[in-house]
Structure formats: structure tokens, C-alpha cells
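Please load the model in your viewer and keep a selection panel open. The tour goes from one selection to the next and says what is found at each stop.

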Amino acid sequence: MKVFRIIIIAQLLVLLFSCDDYLDIVPDNVATIEYAFRMRATTQRYLFTCYSYLPQGGALNATPELVGADELWWVREEISTAPWNIARGRQNINSPYLDLWTSGSSSLWRGIRECNIFLENIMGVDDIEEWEKEKWAAEVTFLKAYYHFYLLRMYGPIPIIRENMLVSASEEEVRVSREPVDKVIDYIIELMDKAIEGLPEVVEDENSELGRITLPIALGIKAKILVYAASPLFNGNPDYANYANKDGTLLFNKEYSEEKWQRAADACKEAIDKCHELGYELYYFEETNQVRNLSDELMVQMNTRNSFAERWNSEIIWAHTKSNTRDLQVNTMPKALPPAAIGNTSVQGHLGVPFKIASLFYSRNGVPINEDVTWPFSDRFELRQGTAAEKYWIKEGYTTAQFNFDREARFYSTVGFDGGVWFGQGNYNQNDPYWLELKLGQVGGKPGNLNHTVTGYYPKKYIYYTNVLASVGNTYTSINYPWPMLRLSDLYLLYAEALNEVNGPCEEVFHYLDLIRLRAGLPGVEESWTLYSRNPNKFSTKAGLREIIQQERAIELCLEGQRFWDLRRWKTAIEELNQPISGWDMDQSAAIDYYREKIIFNQSFSYKDYFWPIREYDLIVNKNLVQSPGW
């Protein structure tokens, strides 16, 4: 009877979410739920099935975060991937791109269903000790909460699936409705708190368990969820004041609540304190036998470059171990690094960083380039030749644009550009490193329709510094690092943001911002703005400091998939994603012609694009569902 009950439940859930298929077997083709939870080995496989629904950060085509906004741009217009179609304003209601509501095996509702099945059965397995049952249940409870959160970010108000439907559920009970945002968030936090009670502080075996959910991960993600809940998209958003279910239930709270920011700040501080207690700290590069005696300038670059790509470094709280970052690196790596490897076909070098993203990075004084009283913003397109003073950033004697000079270290560690030095990749001589030559006709210039950056900037941050593109043969030796889902610097910035919204500018906000800036070789916020900004008092108001924090976050977490969601929760996507995508003129061979801004694509983003549409067919099947706002 129990097997029959599971099949009936699955059929009812097909009606609920109109999935094209559903999981009526468990891992390794095990045919019954009873068999799956008969012993430890099969139960553990079911645990890994629950993990398998985690969206793969770092996957170019599987998630929207990398190519779905404005941080990366493909080289060729006719390339058609789901996230890039979102970036180009092609989302639709007939077959939504990256649809995690109804897309069969990738549906997060399906993942939630598997979590519920696991939680219903784990305590009945005989050959697992009680402490381990509690730990596994806590991990799956976290996953269930995270999947609800991911759907909330995508679709706004969503149904809450506390448990799988009973066999006796009526057709009307199966046709669930969206729940108000605040109610959904409260439920997610309730699950997180329950998970936190049973999670270990560290994994037992780093060789086999890295990436499994631990206490600091849960505390950190809980904090991020609460910051998201307190942000303008969900906290007193007047745009959705009348958005309601068919029964009239309003789905957004119309009243702004500062208490939500206080709750978020408290959660951030709790997560940070626990991470510090467990030894997490901001990453600083340590020299190796291969890389020694680096200049101070290069050390700062390595600090910021490797804080992301160094496997399981001291500030990575959570990383996705199944993400294939090699594919990302293959699509990023310039084919002419070293120049002798130009014929190597094992890398593509297809991805570019738009000019607007490169513009985000501060001057060397730690303020925006359009604010720095010492930085020649009006002359940013003028030509300038590198000297010995800039040799760790720009090739000595090479002519490039003023735009690339006198920038902060994170600019040079995040993007590669024409004339820019690229330390590593098999050459660790800091006095004679590789550099890029990207103008038409040069070794790294546009060869045709493929294999180059369309903007003139490569996403250098993705390339681990020891990767080597062979100049003889056709190989690319690379490190496939796990994709960072949560770093300590992310938590610092979230805490600074929440605390500013509660208290305004205060010592503790500046403390956590300045820790990140110190690692990047920059003065503190107060010093930088006081000495160098055209708006020297900007940091002294809540609104001014909010803008500073948002730009600091955009710089520190650039290319990590955070900007896609940040622009939405801040409600700034309507401005940022309606700006043109531009770069240098890659069809020019002379520097004076190359260094002019060329528009590549005019992005468009409207009110409706803050949330994914639900497929029209799903609304026909479930009459209680309402379409996402604007669709």
C-alpha cells in the first residue's frame, strides 16, 4: 500500500505543478521507497539525490547568475543560451528560460519533494546511528529551505510545501496558491533554524564531505535570506501593492519595516562570529616554491584574485563541489596567453566583460573614477604609455588607454585587457610576465567571429593562476575549483549593508568595509572619500553610504553571480540593465581607433523582469495560480 501511496502522491503533484514527468524511482533505479530507506548505503544515496538539485553556480548555461545580467557578454550574437537570452530581454511565458518551476528533472519543486520523502523516512532506517540521522535530516532540512528561497528569488510569492500531499487530498487541495512573501520567508527561516540545531560545525572527513552543509553555511545563508527579505524588492515595495491571489489575498506587505533590517543585521553578526570562532578569515596569498618574492603590488593582486579561485581557502564558507569551473575557464582563457599558443584549440576565449563593469572599479585612491579629484575622468579615452612605475599592471612601453591606468588592484586581478599584464599561467617572472595584445592584427586580436573578447576585457578572475595553455601540443592544464557559494567577504558586506540601514554610518559598518578594502590595498572609506572624492561627505549619510556599500559589493564580488540578484533585490535593475553593453572597437588595429567606446547591444529590462513568468500551461492546469507581476 505504501508504494501505491507514493505513486498516487506523485501523480497529484503532477497536477499541482504540471511537471512533464516526476521521480517514481530513487537513486540507482531502486524501485521502492522502502528499499531506498532499508539500509545506510541506499539512504545515503537518497541524501545525495536531495543535494543533486542544488543549482550549479559557475555553470554558464544552467543558472542565470553569470550571463543573465550584464557582467559577461558572449562573442557572437547568434549564440543562444537560456541565461543570455534572459540578458537580451527574450524571456517569455510559453516556454520560460531556465524554468525551475516545471522543467522536469531540474524542477526545484521536485527537489523539495525528494527532501520531504527523505525527512519522512530517515528516522526509520535501522543501521544508522541516531546522531547521524539527525545530522542528515538537518542537511536536508537546509536544502528544503534553500530550494524554497531560490524559488522565492525567481518567482516572488510561491506556494509553501511543508509536506507531500496525502493520498486522500482532494483535487482542490492539490491546486495550491501562492503565499504572501512574508509568510514564505518566515517558513524558510523556520526551516533554517531547525536545520541549525542539528548541523555540525565542520565536516568530519574533508576528503569526502567538503561541500556538505555545516552550521556556518546555514547561519550565513540564513543571514543572506534575511538581508534579501529586508531589501526594497520585498520590504514595502509599492510596485506590488495590489498584487494578489484570486481570492484577494495580498502577496506583498505594503509597509516598510526597519525591523527586518535589524533582524538581518543580527543574523549576519551571528554568522560572522561563528565563522571567526571556527577560524574563517579573509584570504591572503601565501608564496609557494614556484611563486616567491613578489612585489607588494603583485601580492595585493594575488590576494584578491585567489580569494575566489583558490580551492577551499580560509574565507570560503560554502562551495558547490559539482560545478564544472573548467568549462568556464575554457570559455574565458585568452588563446594568445602565451602568444606562442595561438594555434591551441583547447580553449575558446569567448567571454568578455562589458565596459560598464570595468568602470565600476575604483581608482588607486579607493573612490569611483568619476569622483576622484586626482583621476582624469574626462581624459579616460586618451592614450598613455606604460612606464616602469606601472610594470606590474601594464606592459612597460605599451600604449593603452588612460582608463586602464591608476586603478585599484581588484581591477587588475579581475579583468585582462590590451596591454595589461597577466601574471602566472606558467610564467612566474614578475619582471617579464605575459601581457595581452588585443587590437586587430595583433596576436590576441579578433581572429574572426569567435575566440576573442567582444568588449576588450577578459574575465581574468576565473582563471586560476597556475593553469597553463601549451604552446606545443593542444592541451590546457587547469584546476577545476569548486564554485564559491558564500565567502566571508560576502557576509561582511551584507552585515555592513544591514547595519547601515538600521543605524546609518557607524564605526562597525566602516570596520567591516575597511577589512575588505585593506586586503585590496586601499585606504578606509572615510579616508578615501575625505581626501580624494568630489563628494567628501558622502559616507556620512545613510543614502551616501548605501551607494558606497553597493559599489563595494559590486567590485568585491564581481563575476561571482551576486550582481544578478543584488540588482533585483535593490530594485536598481531597472536602471542598470537598461544601459548599453559596450566595449572597445575590436575591429581596429591602430590604438587611436581601437580606444573608442563602441556599443555592442542595447539591453532592456522592464518591471515584469524582476520575477520569472510561470508557464501559461501551468496556469490552465492550476486555476488557483496567478501569473507573476507584469506577465
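Leaving aside neighbours within four places in sequence, which residues is Tyr 457 in contact with? Select Tyr 457 in this predicted model. Its contacts beyond those neighbours include a run of Leu 351, Gly 352 and Val 353, followed by Phe 355 and Ala 358. Further along the chain, Tyr 457 is in contact with Phe 403, Asn 404, Phe 411, Val 415, Gly 416 and Phe 417. Trp 584 completes the list for Tyr 457.

**The core**

Next, add Phe 142, Tyr 146 and Trp 318 to the selection. Together with Tyr 457, these residues touch the most other members of the largest nonpolar core, which has 196 residues. Colour helix H6, residues 130-155: H6 gives the most to this core, with 15 residues.

**The cavities**

Keep Tyr 146 selected, and add Glu 65, Arg 153, Met 485 and Gln 562. These five lie nearest the centre of the largest cavity, which is lined by 19 residues and has a volume of about 220 Å³. Besides H6, the elements that give two or more residues to this lining are helix H10 (215-230), strand E10 (483-487) and helix H20 (562-569). H6 supplies the largest share, four residues. By class, the lining of the largest cavity holds ten nonpolar, five polar and four charged residues.

For the second largest cavity, with about 150 Å³ of space, select Ile 86, Gln 91, Arg 568, Phe 605 and Asp 609. Of the 16 residues that line this cavity, those five are the closest to its centre. Eight residues of the lining of the second largest cavity are nonpolar, five are polar and three are charged. A search of the whole structure gives seven cavities of 30 Å³ or more.

**The pockets**

Which residues lie nearest the centre of the largest pocket? Select Lys 356, Ser 359, Leu 360, Gln 551 and Glu 576, out of the 31 that line it. The largest pocket has about 640 Å³ of space. Show helix H14 (355-358), helix H19 (542-556), H20 and helix H21 (573-576), the elements that give two or more residues to its lining. The largest share, five residues, comes from H19. The lining of the largest pocket has eleven nonpolar, eight polar and twelve charged residues.

Now move to the second largest pocket, with about 500 Å³ of space. Tyr 51, Leu 210, Gly 211, Thr 321 and Lys 322 lie nearest the centre of this pocket, and its lining has 24 residues. Helix H3 (40-51), helix H9 (206-209) and strand E1 (316-320) are the elements that give two or more residues to that lining. H9 has the largest share, with four residues. The lining of the second largest pocket divides into ten nonpolar, nine polar and five charged residues.

**Confidence**

Finally, colour the chain by pLDDT. The average for the protein chain is 93, and 94% of the residues score at least 70. Where does pLDDT stay under 50? Select residues 1-26, where it does so, and for which the model has 64 contacts beyond four places in sequence. Predicted coordinates should not be read in detail where pLDDT is low.

How values were computed. Residues are numbered from 1 along each chain as its sequence is written. This is a predicted model: local features need pLDDT of at least 70, side-chain atom pairs count only at pLDDT 80 or more; totals for chains, interfaces and linings use all residues. Side-chain values use heavy atoms; hydrogens and water are left out. pLDDT is the predictor's confidence in each residue, from 0 to 100. Contact means heavy atoms within 4.5 Å. On a 1 Å grid over the protein atoms alone, a cavity is a set of points where a 1.4 Å probe fits but cannot get out, and a pocket is an open set with protein on both sides within 12 Å along at least five of seven lines; lining residues have an atom within 4 Å of a point. Grid points are joined across faces, edges and corners, and a volume is the space filled by probe spheres set on the points. Ala, Val, Leu, Ile, Met, Phe, Trp, Tyr, Cys and Pro count as nonpolar, Asp, Glu, Lys and Arg as charged, and the others, Gly among them, as polar. A nonpolar core is a set of buried Ala, Val, Leu, Ile, Met, Phe, Trp, Tyr and Cys residues joined through side-chain atoms within 4.5 Å. Buried means under 20% relative accessible area, exposed over 50%, partly exposed in between (1.4 Å probe, protein chains only).
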